[in-house]
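Me: I keep meeting words like "buried" and "perpendicular" when people talk about proteins. Can you go through some with me?

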Amino acid sequence: MLGICRGRRKFLAASLTVLFVPAVTWIYLFAGSFEDGKPVSLSPLESQPHSPRYTASSQRERESLEVRMREVEEENRVLRKQLSLAQSRSPAHHRGNHSKTYSMEEGTGDSESLRAGIVAGNSSECGQQPAVEKCETIHVAIVCAGYNASRDVVTLVKSVLFHRRNPLHLHLIADAIAKQILATLFETWMVPAVRIDFYDADELKSEVSWIPNKHYSGIYGLMKLVLTKTLPSNLERVIVLDTDITFATDIAELWAVFHKFKGQQVLGLVENQSDWYLGNLWKNHRPWPALGRGYNTGVILLLLDKLRKMKWEQMWRLTAERELMSMLSTSLADQDIFNAVIKQNPFLVYQLPCFWNVQLSDHTRSEQCYRDVSDLKVIHWNSPKKLRVKNKHVEFFRNLYLTFLEYDGNLLRRELFGCPSETDVNSENLQKQLSELDEDDLCYEFRRERFTVHRTHLYFLHYEYEPASDNTDVTLVAQLSMDRLQMLEAICKHWEGPISLALYLSDAEAQQFLRYAQGSEVLMSRHNVGYHIVYKEGQFYPVNLLRNVAMKHISTPYMFLSDIDFLPMYGLYEYLRKSVIQLDLANTKKALIVPAFETLRYRLSFPKSKAELLSMLDMGTLFTFRYHVWTKGHAPTNFAKWRTATTPYRVEWEADFEPYVVVRKDCPEYDRRFVGFGWNKVAHIMELDAQEYEFTVLPNAYMIHMPHAPSFDITKFRSNKQYRICLKTLKEEFQQDMSRHYGFAALKYLTAENNS
C-alpha cells in the first residue's frame, strides 16, 4: 500500500510539473519582453539590424531566451512522456494486484471516478482498502444443462482458475445431467479454495416456461432472470456468466467493478456489439425494445440485495408479459427481457467497458473494444457457429480458447497461500493415506497409485438410453487409451447394445477424441455409448480404476466385462439377454463365461457362426486366447468341451484364471492396487470365486482378440525387474487380504499359487 501511495505522489508531482513549468517559463519570457517598462517586440521586422533599438547585447539576450525556450519545450516533452508512463504503470492498471481498477474506456461512471481520484489527491485513495481483499470470496453463477454445456463449463472454469488469486464459490444452476457430470468432476478435481453449490434447474422451469423462446439455449436460456429467487438470500452480489465465455484476466478485476456502482445501479452489463437491437440487419427485422444498441447478458454483475428490494421479480415479469403481447416470443432468451426492463429503467444499469465482454457473434463490432492483446479481458463466443464464427482476429481468439481447452487441469490444483480454505474431508483422508506410506519403499509408486484421485468427466458425449423393460439388458464394459481409438467403430458394429467406456486421456487427447468421434458417422449414430474420461495422472495405467468407473455408470441390470481389443461375435448382445433368462442370473450368483479366441492377422474375415469359427481354428487362422504365452489364463474354460457343447456347462476356478464374464451389476469392483500389466483381472475372478460365484461357460458365444502393438505397460513388465518384484509383492498382499476377509475358504488361493 505504501508503494502505491508513493507512486501516486510521483504521478501528482509529474502532473503539477507539466502545468507549472510552462507557466513560469512564459511569465519569464513575457517579463523579459519589456525594456524600461515598454514592451520589446519580437517581430522579425522590428528586430532587423537597421532598427535603431537593435544592439549587440539585445541580440545575445534574445538568442539566450530562444535557447532556453527550446530547453523548456524539451523538458516538457520528457515530462509528458514520463506522465504517460506513470499512467500505464499506476496500480489502477496493474493486473497483478487486487486494488481498485479504473478504465479510460467509456463506461458509466469510469471517467468520473478517475477524474475524482486525481482531483482528490493521494490522501483519500491511500487510506482506502483494496476493492477486492486478498482472501475475499468471489461468487460466480452459471446456468448449465446437458452434455455439451458441461464440457463448455470446464473450459470456462479453467480460464478463471488459471488467472484467479481469490477463493471462488461457484453457483451452478444445473439439470440432472449436468449435475451428475460436474459434481463428479469437481469432487475428483479437488481444486483448493473452490466451493461448488448446485441448484436444480428442472425445479425452476415452471418460473419461465410460460415465456416462448426461439433461442437455441431453450428454456435454460431464461433462468438468469430468476437468480434473485434461486440463489441464497444472504448472497449480496454475484457475477453471472454464460458457458461460452473465456477469461483472459483475473476475475477479481471484474469483481472490483461492483465498487463503482452508484445510486440505483444494480446491473453491470456491456453494450451489445452487433446491430441486432437497432433493427437494421434485414428487412422486417423487429427486435425487442432496447436502449440504443442494447446490452449483452453473457457477462452480468448483479447486486442481488438491491434487486430484491426493488422487487426485480415483479419488474421483469410485468415487462415480459407486456412485450410478449406484441412480440409473441423472445429471440435472444433472457437478454431480450433484460433489455426491455432497462429501456424502461435506464438508471438500473452500469455500463461496463466493452473489453469485459468481447462478443464474437456475426455482425459484431467487437474490434472497437481492443487495440492490443493486453486489452482483452473476457471473450464471448456468442454465435451458434462458436469457433467457426467469422472474425478478423478469430485465429488469435481460437488459439486462446484452445489453450484452456487442452490445458492440463491437474496443474490448477494449486493452493492460495495465506488464504484459509474450508476443510475437505476427501483431501484430508487422501493426505492421511499417503502419509502412512513409506516413501523409501521400492514399490512406493505402485502403492501410491491406489490412492491417486483421477479427475473424471462422465458422459463426455451425449448419452441417451432407456434399458429394456424386461430387465434382461446387458451393457458391454471396457477401458482404453488413445492408441486403441480405432477399435471403437468396429465394436459398435458388432455390439448393438449399450456400451460403457472409460478412456484414459490427457486434456489435449480428450479433445482429439472429441474431434474423432464427431467425425465418425458410426459413433455419432449411437447414443447408447457412455464415454467417461479419466484424466491422466501418475506413471501407471490405472486399468482397474478405469474398469470400476465404466462399471459404476451403467443403467442395465447386467454387464459384460470385456476388453477393448476384443470383437464380440455378431448377435452376442441378443444371445446374452436370452442366456440371462435361461440361467436365472437375476436370482443366482453366476458369472457367464464368453470363450476368448485370437487372431494374429490384422485383416480377418470374422466368423459368422460357431461352425465357421471351429473351421478357422482347425485351419490355424484362429487360436484359443493366449494359448502360446499364458495358457493358464483361459485353460479352465475347457475349449475341447466347448467345441461340441450345446448347453451351458460349469467349470471350477483355477489359479490365474481370467475369463471374460457376464455378471449382475452388483458384482464386486476390481482391486485398484493392480495397475499397468499383470494380475488385474486374475484378482477380480479370484474374488468372484471367494464370493461363491458359479462359473458357467456359454456354448454358443465367443469373442476374438485383434492384434495390436505391445502396450507400454507390458513392455515395462518384461524389461523392468523391479516392476515384476513389486507385482509379486502386491499379489502376496492381496492374497493375505483375501484370507483375512474370507477366512478359511480363502486358503485355497495360497495353496493354488504355491502349486502353480
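Reply: Sure, here come a few questions and answers on those words. This is a predicted model, where local features need pLDDT of at least 70 and side-chain atom pairs count only at pLDDT 80 or more, while totals for chains, interfaces and linings use all residues. Residues are numbered from 1 along each chain as its sequence is written, and side-chain values use heavy atoms, leaving out hydrogens and water.

Me: Why is α11 called roughly perpendicular to α12?

Reply: The axes of α11 (residues 312-327) and α12 (residues 334-344) cross at roughly 100°. Roughly perpendicular means 65 to 115 degrees, so α11 and α12 get that name.

Me: What makes C135 and C419 a disulfide?

Reply: A disulfide is a pair of cysteine sulfur atoms within 2.5 Å, and the S to S distance of C135 and C419 is 2.1 Å. These two cysteines sit 284 residues apart.

Me: Why is C135 called partly exposed, and C419 buried?

Reply: Buried means under 20% relative accessible area, exposed means over 50%, and partly exposed is in between (1.4 Å probe, protein chains only). C135 has 30%, so it counts as partly exposed. C419 has 11%, so it is buried.

Me: How do you know that C443 and C726 form a disulfide?

Reply: Their sulfur atoms are 2.1 Å apart, which fits the disulfide cut-off. C726 lies in helix α25 and C443 in the loop between α14 and α15, so the pair ties together parts 283 residues apart in sequence. C443, at 5%, is buried, and C726, at 1%, counts as buried too.

Terms used
Axes fitted to C-alpha atoms, helices over the stretch in contact; angles between N-to-C directions. Helix = DSSP H or I, 4+ residues; strand = E, 2+ residues; numbered from the N terminus. Parallel < 35°, antiparallel > 145°, perpendicular 65-115°, else oblique.
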